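Please explain how the pocket and the nonpolar cores of this protein are built up from its secondary structure elements and residues.

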Amino acid sequence: MKRKWKLWLIPVVAVLAFGVMKGGSLWGKSETKQDLPVQTVATRAVAKVKIENALALTGSIEAYHQAVISAKVSGRVSKVTVENGDQVAAGQPLVLLETQDFVNTLAMSQAALKKAETGLTTARADFQRYQELHKQGAISQKEFEGAEAALKMAEADASSAAAAAASAQEALQNATISSPISGLVANRNVTTGQMVSPQGAPLMTVEDISAVYVVVNIEQKDLAKVKPGLKADVTVDAYGDKKFNGVVEVINPVANKGARVFETKIKVDNPEKLLKPGMFAKVQVKTGEAVDALTVPQAALTTKQGMYFVFVPEGNKVKRVQVEIGQIIDQSVEIKKGLTEGQQVVITNVNKLKDQDMVKIAN
């Protein structure tokens, strides 16, 4: 009987021990409620500032002038005089072709021309003599017409020989391939001993980057805002916040058929040659006078699924508010919709907050 009583007591003791370990008892003592976490945050007032009315765009840089260098005659390269990055002047030789064949052809053409000119001189003298004899009735009409035909044939031969000699002379000159513009050599694609032809690939390009174009695309809805002569600020990642001054110069009047945008070129003077063709550029085209705009620090923004939000303090909690943003101005961002001037927004720990979270505002 005593053994049975001990066996019954074991589960009762176990239950009581479990209750003590959980910090309470089986007869009504509940767990201590944990305090909710409170974030300490800083706030900043929505401020109104003057900003330039500008259109933000992105684009790429290309040379203001570019010359594609190709061969005008077929031949073997005897020398390439430049490397990529070399500065060259207009008329400077870039590639030399072997010239012996051109020299021989020119010599033969000049000999043929001299022979044709001699024949022409003889034919003219014969025609003048036959013309006098014909006036005197000393020769027949047929004989006179024969002399006239011989003169015309000699004139044609001389003209053809002269054209052949001029062509040979031009071919010899074209064996020296020169730059048509001043600029920097780029994309060199030719070596000594290579055979080249007018139908072959370009040998190199010469890029005049004393000024450059920033090429951007204007959407149809913005086209009315952009006109030649408007000023623009250009920045590239390579030079941080350094601004380059540009002017809208060319607007394509026909939209791209695929994207329905209008290619626009902004000219930027580049005396130090800091801007290089192919660079990615950010552009602010100034489309009007400065206007008032609401701004908040960039740190106040959080994003989700392509939408932007800020947290607005309401008592000891925060409310998540969706906003529409505009231009980025230094470390601030324009707010087009969603906030009013003077309203406070959270600027710290925004990525740790959720709507209706408890917060403590730092002094």
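The following paragraphs treat the largest pocket and then the nonpolar cores. The coordinates are those of a predicted model.

The largest pocket has a volume of about 1100 Å³. Its lining comprises 30 residues, and those closest to the pocket centre are Gln284, Gln327, Ile328, Ile329 and Asp330. Five strands each supply at least two residues of this lining: strand 3 (47–69), strand 11 (231–236), strand 14 (280–297), strand 17 (317–329) and strand 18 (332–337). Strand 3 gives the most, with eight residues. In chemical character, the lining divides into eleven nonpolar, nine polar and ten charged residues.

The description now turns to the interior. The largest nonpolar core contains 25 residues, and Ile61, Val214, Ile266, Val268, Val283 and Val285 have the most contacts inside it. Two or more residues of this core come from each of strand 3, strand 10 (204–219), strand 11, strand 12 (244–251), strand 13 (261–269) and strand 14. Strand 10 provides the largest share of this core, five residues.

Ile61 may serve as a point of entry to the residue-level detail. When neighbours within four places in sequence are left aside, Ile61 is in contact with Val212, Tyr213 and Val214, with Val236, and with Leu275, Lys276, Pro277, Gly278, Met279 and Ala281. Apart from the largest core lies another core, of 21 residues, which includes Val73, Val80, Leu94 and Val95.

Which elements appear in the account of the pocket lining as well as in that of the largest core? Strand 3, strand 11 and strand 14 each supply at least two residues of the lining, and each gives two or more residues to the core.

Technical notes:
Residues are numbered from 1 along each chain as its sequence is written. This is a predicted model: local features need pLDDT of at least 70, side-chain atom pairs count only at pLDDT 80 or more; totals for chains, interfaces and linings use all residues. Side-chain values use heavy atoms; hydrogens and water are left out. On a 1 Å grid over the protein atoms alone, a cavity is a set of points where a 1.4 Å probe fits but cannot get out, and a pocket is an open set with protein on both sides within 12 Å along at least five of seven lines; lining residues have an atom within 4 Å of a point. Grid points are joined across faces, edges and corners, and a volume is the space filled by probe spheres set on the points. Helices (H or I, at least four residues) and strands (E, at least two) are DSSP runs, numbered from the N terminus. Ala, Val, Leu, Ile, Met, Phe, Trp, Tyr, Cys and Pro count as nonpolar, Asp, Glu, Lys and Arg as charged, and the others, Gly among them, as polar. A nonpolar core is a set of buried Ala, Val, Leu, Ile, Met, Phe, Trp, Tyr and Cys residues joined through side-chain atoms within 4.5 Å. Buried means under 20% relative accessible area, exposed over 50%, partly exposed in between (1.4 Å probe, protein chains only). Contact means heavy atoms within 4.5 Å.
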